[in-house]
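Take a look at the model below. We will follow some of its strands first and then turn to a pair of helices.

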Amino acid sequence: MTFRQSSLFRRLMFSFAGVIVSVAIIGVLWMFYEAKVTQRTRTFSENKAHTLNILSHLVDTGARPERMLPALAAVEVNRERMFKELDYHSRVRVRVWLDGRLLYNSMPELPDVLPEVAARGAYGWVRWTAHDAANRIVVERRHEVDDEWMLTIWGVSFLLSSTFFSLPLLLIPAWLIVGIGLRPLRSIASSIAQRTDADLTPLPDSKYKELSPLVVAINGLMHRLSQRIEHEHEFLTDAAHELKTPLAAIQINAHVLMSRAGAEMAERCAEPAAGLRSGVARATHTVHQLLALERARAEPQVAQACPLTNVADFVRERVATAAHLAVQRNIEIEFDAAPDAGGVLPLHLESMASAVDNLISNAIKYSPTDGRITVYLTRAAHGYRLAICDGGPGIAPDLRDKVFERFYRVPGQEQLGSGLGLAIAERGAARNGGTISLEAGEHGRGVCATITFTGAVG
């Protein structure tokens, strides 16, 4: 089942966007409501003013019908011209009574009774009536409230334009604020990611109170892990030291028993004695490997003065030291140093020697009898590259990382071993600013173990 990882940044942005859009929608709805109320209020005020204006014009005519009708027609023409220029689509009906008789009706096709705008602002007409008792003139003007324009494309775009243009101005700062706000969290993650698996020192305290519980929890976990690992290493070291003495005693006593046994007994016990010696030697080798692994783990924590060492001479010496193991299996070791590989580096000699010795020992162990091992030393970008290639069975690509785990051995191996050699070599290389990689050997046969190192660190 595939787990889709969520994004805290996306979650915060969607939350911000949801709040902003919700506020924008509420604002638009309120704007529509306010626009409707404002439209009807303005229509009412305009209707009242125009009614009084018409009445004043009619009073100036002296209440004479032959002069009133042209004046009313002129007013209507001017109104239609103004509505056309303003793109108004509302209708207006003007009716005038003189001495109680209907003198003028601008829209006779409309019924006498028209729906008026209610107190809550329903659709309809607003009406205003003006009287002039002296001239016995009554003017009624009805104006249709036109708020349907807000539902047109132009009206919607007009009302939403401010909201539409303000959303980016709100979301972009929100995006920046969220990104900056999450920066301390990314800084903590980066600080943890840059650490090695051996660095369990506490994280620095965070100046943000929201992140302090996270930092405290991580530091607490690191402290508990450090204590547990330290207890395990103490137990492993103590156990290895305790095993050294009884193993040595077993080996000595077995030798004494065989030396005191008669010829017949010695012949009969030759095979069990050989097995005993082999088992004790293997157990002793494992104990020494465990102690070497613990030394490789602990030493980087202590700053030591590391001498400048000629790298080519150092590797040549390690090859010479392993020569007697190769001679026993009639294996040839060839050392090839590049002309520019004779420089000096500050090396932690014990750990580097342990790394090189373990790799050469592995190459001898897994190479076939009468085989050949090649050791190459060349300059790298910022240091040296040492490659040890054998002609053994090789290691499958999917296991080349796993073999660096303690006590892990490739399935199907016939050679005896503790599974600690590569772990010790990796620690020794790291102590000297290096890394180890495994690749296929020459012509696809065997393994080529490569150490790229820059000198002692820590």
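Which residue of β8 is the bridge partner of E334? In this predicted model, the partner of E334 is T374. That pair belongs to a longer ladder. Strand β6 covers residues 332-337, and strand β8 covers residues 372-379. The two strands run parallel. Six bridges join them.

Stay on β8 and look at its pairing with β9. Strand β9 spans residues 384-389. Here the pairing is antiparallel, again over six bridges. T374 has its bridge partner C389 in β9. T374 is thus a useful landmark: its partners are E334 and, in β9, C389. How many residues make up the hairpin from β8 to β9? The hairpin joins the two strands through four residues.

Now turn to the helices. Helix α8 holds residues 311-321, and helix α10 holds residues 349-366. Their axes come within 10 Å. They cross at roughly 50°. The angle lies between the 35 degrees that bounds roughly parallel and the 65 degrees where roughly perpendicular begins, so α8 is oblique to α10. The crossing of α8 past α10 is right-handed.

Which residues make the contact? From α8 come F314, R318 and V319. From α10 come L349, M352, A353, V356, D357 and I360. By character, seven residues of this contact are nonpolar and two are charged. None is polar. The charged ones are R318 of α8 and D357 of α10.

Terms used:
Residues numbered from 1 in each chain as written. Predicted model: local features only at pLDDT ≥ 70, side-chain atom pairs only at ≥ 80, totals over all residues. Heavy atoms only, no water. Axes fitted to C-alpha atoms, helices over the stretch in contact; angles between N-to-C directions. Parallel < 35°, antiparallel > 145°, perpendicular 65-115°, else oblique. Left-handed = near helix turned anticlockwise from the far one by under 90°. Contact = heavy atoms within 4.5 Å. Pairing = 2+ DSSP bridges.
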